[in-house]
Amino acid sequence: MLNLETSQLTSVQDLRARARQNVDQGAVTEGYNADREEIIKLLNGSLATELVCVLRYKRHYFMASGLKASIAADEFLEHAEQEAEHADKLAERIVQLGGEPEFNPDLLSKNSHAQYVAGNTLKEMVYEDLVAERIAIDSYREIIQYIGDKDPTTRRIFEDILAQEEEHADDMADIYNAL
Ligand SMILES: [Fe+2]
Ligand SMILES: [Fe+2]
């Protein structure tokens, strides 16, 4: 059994006392090790990325036409919905950390890691989606490395999203190669 008196863990008394300090900061406690402003900035950049991805996939869903388009269209719609879920998770975490999620449309494409490229043909659309997914994968991986052990909750959110972006990239690569 773990001996709390001799371990490196903070004693129960200290944990209780610390939790009572700065209660107005909600989920952000004294033990929060990360640079909160920096984490919120990274979360907002990622939120912009997800929102831009929702818009791009929505356009592609509605624009997909032609004989081979129906499988792609189904994937575009599913991805649009999943990117919207990612955006919600990021926005929720920003608020938990005491920040404000940025939804100003004028700032979205500027803050987004991935670009909004409309694409004309089905092949161009799938290509642009694949590129955007690959950008998201690289930036989320870097963010996860930056966070390290400093903020496990935010890190886990990014890890879950990253896993799904990798599936998205895989889906787009399969469709691209079949076109
Ligand atoms: Fe996403
Ligand atoms: Fe994605």
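This is a short chat about the domains, a helix pair and an annotated site of a predicted model.

Student: What should I know before I start?

Tutor: Residues are numbered from 1 along each chain as its sequence is written, and chains are lettered from A and ligands numbered from 1 in the order in which they are written. The model is predicted, so local features need pLDDT of at least 70 and side-chain atom pairs count only at pLDDT 80 or more, while totals for chains, interfaces and linings use all residues.

Student: Into which domains is the protein chain divided?

Tutor: There is domain 1 (1–31) and domain 2 (35–178), with bounds from an automatic or database domain assignment.

Student: How many residues of domain 1 are in contact with domain 2?

Tutor: Four residues of domain 1 are in contact with four of domain 2, where contact means that C-beta atoms, placed from the backbone, lie within 7 Å.

Student: New topic: at what angle do helix 2 and helix 3 pack?

Tutor: Helix 2 (residues 36–63) and helix 3 (residues 69–96), which are DSSP runs (H or I, at least four residues) numbered from the N terminus, pack at about 160° with axes 8 Å apart. The axes are lines fitted to C-alpha atoms over the stretch in contact, and angles run from 0 to 180 degrees between N-to-C directions. The two helices are therefore roughly antiparallel, a term for angles over 145 degrees.

Student: Which residues does UniProt list for "binding site"?

Tutor: The unreviewed entry lists E50, H86, E133, E165 and H168, although such annotations may be inferred rather than shown by experiment. They span 119 residues in sequence, yet no two of their C-alpha atoms are more than 13.1 Å apart, so they gather at one spot.

Student: Where is E50?

Tutor: E50 lies in helix 2.

Methods:
Contact = placed C-beta atoms within 7 Å. Parallel < 35°, antiparallel > 145°, perpendicular 65-115°, else oblique.
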